[in-house]
Structures are given as C-alpha cells and as structure tokens.
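Hi everyone, thanks for coming. Let me put the structure up, and then I'll walk you through a few parts of it.

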Amino acid sequence: MTTILCRLTGPRCLLWRYGALIKRETHSRTSHVIPQGGARLLAGGGRPLTGYSRAQSRRQHTEAAAAVEVDLKRLEGKDDGIVEVLMCRHKARNALGNVFVSQMRKVVSTLYNDSAVRVVIFRSLVPGVFCAGADLKERALMNNSESDLFVHGLRSLMTQIALLPTPTIAAMDGVALGGGLELALACDLRAAANSAQMGLIETTRGLLPGAGGSQRLPRMIGVTLAKELIFTGRRVGGQTALEMGLINRVVEQNQTGDAAYREALSLAREILPQAPIAVRMAKEAMNRGLEVDIGSAMAIERMCYARVIPTRDRQEGMAAFIEKRAPRYTGE
C-alpha cells in the first residue's frame, strides 16, 4: 500500500518509472516539423535497436534516413488536441521491423509531456492493413540472443504505448496479426471495420505472443477465451471481435477503406470536450486499480481524485453546471 501511495503522490504518478528513459530518448534524437495538408507532421526517423551487426545497423540507418515508416499528425481547428500516429510502411504492410519500431518509439516519446495532446489515434495509411505483425525477414537474420533482445524492445514499446497518459484509440481498418494486434491491445480503445481480421497467431509460427499479448488479452476478454484464441492461433473478424469484447466498436467498411478510422475519430471527438486532467486521472485510476486488490484500488482512486480537486477545470465544470452552459476546459 505504501508503495502505491508513494507512486501516486509523485509528480508523474503513472509515468515515474519511464520518465528518465523517455527524456533521454527525446533529447538524444532530433526531429523536424513538416507542414502538410493544413496539419503539422513530425518526421519519424530513428536509429536502429541494438541486436544487429554493424553492417546491418548502417544499412538500416540509411533506410531510416530515406523513408518515414511512422509519423505524427496533429489535427487542428475543432479537432485541436487530437493526434494521429500514422503507420506507413507500405512495402512491408507495417511489419514491426527494426526501423519501424525505432520510429514508433520516438514518435510515442514526444507525446508523454505534451499537455496539448488530449486523444491519440493509431492508424494505418496502408490499405487493408493495420499492422501485419513481426517482420519475419528481419527476424530470420537474428541469432537467438539478438531475437530475444529485439522482442524485449518490442515489449517495452507496447508498454510505452499503454502508459501514455491520454486516451489512445486503435483504428483497425484491416489485418492486425501477432504484434499488430498486440499494438492495438496496448491502446485503451479499439474501433474496427467488419472486414478486419485480427488474431495472436504466434503459435502457428512456433512462438507465443511476446509483446504483451499473452497478458493483455486475458485481462481484456477473459482467461478461457484468450487461451482458446492463443492456443489455436485463430483469426477473427470485426463482428466476432466485438462480441468477444476485444474491440469497442465495429463498422461496415466503406469505399475509401477508412471506416474504422472515421469511427475512431468520432470517438476521439466525444472525448475531446471533456476535462483533460480528469480524463487522464480516470485512466490512471482504472489502469493502476486493475493491478491490485480492491482495497488498494480504492486508495488509488482517492489519490487520483485528490489530483483533480484543486484544478481550474473542476471549478469550471461546477460553474458551467450552475450557469447551465457548456464548460470550457483548459487542462489547468
């Protein structure tokens, strides 16, 4: 109990363990902003993870400089506060390769301490694909220790996504297999097209879900059903995933192939007007509370609630109710 209360009374609550790591990554890499279509885009280049030979690292670094595989788009106007993480590794169906993972890590790191971010949407720009999972061509070049090190980094990335303080939504307009589904599971909410296919298929490749899937899926849909899906490596469609509780919303795919993204954006717009600090604290209370017994969970809720009481947003919420008007939250 003492440990839980100490964590919550710190300035970063949920993120205290990871702050130093994120800060080091953010300061050790440079980024630039590119205007595009009226929105701001952050180029997603990054350095390769360890576990490769020097020659392979040089080759991957050259590829990283030439191609953006993960990018960041900040919406503006009425959608100001919604940020999109764009997966755009077209040739490899957003496979989780070395460069892709490095760029994703960098992009996610920029979101931690940005108070202007209120909702994050993870979406694919590759038609028919959310994320196809591991890059088996790259993995085939690794020895056992290199493979273990890479998967450890992948697991760390999924944890990094799960620990983002703001609500996150996965827009699944296509295939999400293996590590691709694990990425979606690391998000708070999931919207999918009815034509989307998803599954933790690692056992069909002689593996098990190693980036958090073996832990997050049972917590999400129950142990018995999760075991069935993982043991069989079964793929399910959007409607079945909804019935299982694997996703929040399912929609019929449209002609442009972005129905799930549009649904995710609609969901983000429902979250956007709410008090930002209250939403963040609600996320932390739920996430941390699920890890402990009910008594400790109540203590976590109390401490998160205490963080909200002195905010200007709480005062604004009360004033708006009394004056019968819509609140205008500033995140203060």
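Let's begin with the open sheet of four strands, which has the order 6-8-10-11 and mixed pairing. At its edges stand strand 6 (129–131) and strand 11 (236–237), each with a single partner strand, so one side of each has no neighbour in the sheet. Strand 8 (residues 175–177) and strand 10 (residues 197–199) run parallel and are joined by two bridges. There, Leu177 sits opposite Gly199 in strand 10. When I say that two strands pair, I mean that DSSP finds at least two bridges between them. Helices (H or I, at least four residues) and strands (E, at least two) are DSSP runs, numbered from the N terminus.

A quick word on what we're looking at: this is a predicted model, where local features need pLDDT of at least 70 and side-chain atom pairs count only at pLDDT 80 or more, while totals for chains, interfaces and linings use all residues. Residues are numbered from 1 along each chain as its sequence is written, and side-chain values use heavy atoms, with hydrogens and water left out.

Now, strand 7. How many of the residues of strand 7 (residues 168–172) are buried? Five of its five, with buried meaning under 20% relative accessible area, exposed over 50% and partly exposed in between (1.4 Å probe, protein chains only). Both faces are covered: Thr168, Ala170 and Met172 lie on one side, Ile169 and Ala171 on the other. As for its partners, strand 7 pairs with strand 5 in the parallel sense over three bridges, and Val120 stands opposite Thr168. Strand 7 also runs parallel to strand 9 (residues 189–193), joined to it by four bridges, and here Ala171 faces Ala191.

Next, helix 6, residues 144–162. With 19 residues at 1.5 Å a residue, it should span 27 Å, and its end C-alpha atoms are indeed 27 Å apart. That expected span is 1.5 Å times one less than the number of residues. Its buried residues include Phe150, Val151, Leu154, Leu157, Met158 and Ile161. As a reminder, an α-helix has 3.6 residues a turn, so residues three or four places apart point the same way. What do the buried residues of helix 6 pack against? Helix 4 (98–109), strand 5 (119–124), helix 5 (136–139), helix 7 (179–186), helix 8 (213–221) and helix 12 (276–289), where contact means heavy atoms within 4.5 Å.

On to charges. There are 15 salt bridges in the structure, each being a side-chain nitrogen of Lys or Arg within 4 Å of a carboxyl oxygen of Asp or Glu. One of them joins Lys283 to Asp188, with the closest N and O atoms 2.8 Å apart. This pair links distant parts of the chain: Lys283 is in helix 12 and Asp188 in the loop between helix 7 and strand 9, 95 residues apart. Is Lys283 buried or exposed? Lys283 counts as buried, at 5% relative accessibility, whereas Asp188 is partly exposed at 25%.

Another salt bridge brings Glu270 and Arg249 together at 3.0 Å, N to O. Glu270 belongs to helix 11 (residues 259–271) and Arg249 to strand 12 (residues 249–251), 21 residues apart. Then we have Arg325 with Glu316, at 2.6 Å between the closest N and O atoms. Glu69, Arg89, Asp135 and Glu138 are joined into one network by salt bridges that share partners.

Let's stop briefly at Asn194, in the loop between strand 9 and strand 10. Asn194 is partly exposed, at 36% relative accessibility. Leaving out residues up to four places away in sequence, it touches Gly237, Gly238, Val250, Val251, Glu252 and Gln253. From Asn194 to Ala241 is 47 residues in sequence and 9.1 Å in space, C-alpha to C-alpha.

Last stop, the cavities. On a 1 Å grid over the protein atoms alone, a cavity is a set of points where a 1.4 Å probe fits but cannot get out, and lining residues have an atom within 4 Å of a point. Grid points are joined across faces, edges and corners, and a volume is the space filled by probe spheres set on the points. The count is two cavities of 30 Å³ or more, and the largest holds about 70 Å³ of space. Its lining includes Val117, Arg118, Pro167, Leu272 and Arg280. Which helix gives the most to that lining? Helix 12, with three residues.

How values were computed:
On a 1 Å grid over the protein atoms alone, a cavity is a set of points where a 1.4 Å probe fits but cannot get out, and a pocket is an open set with protein on both sides within 12 Å along at least five of seven lines; lining residues have an atom within 4 Å of a point.
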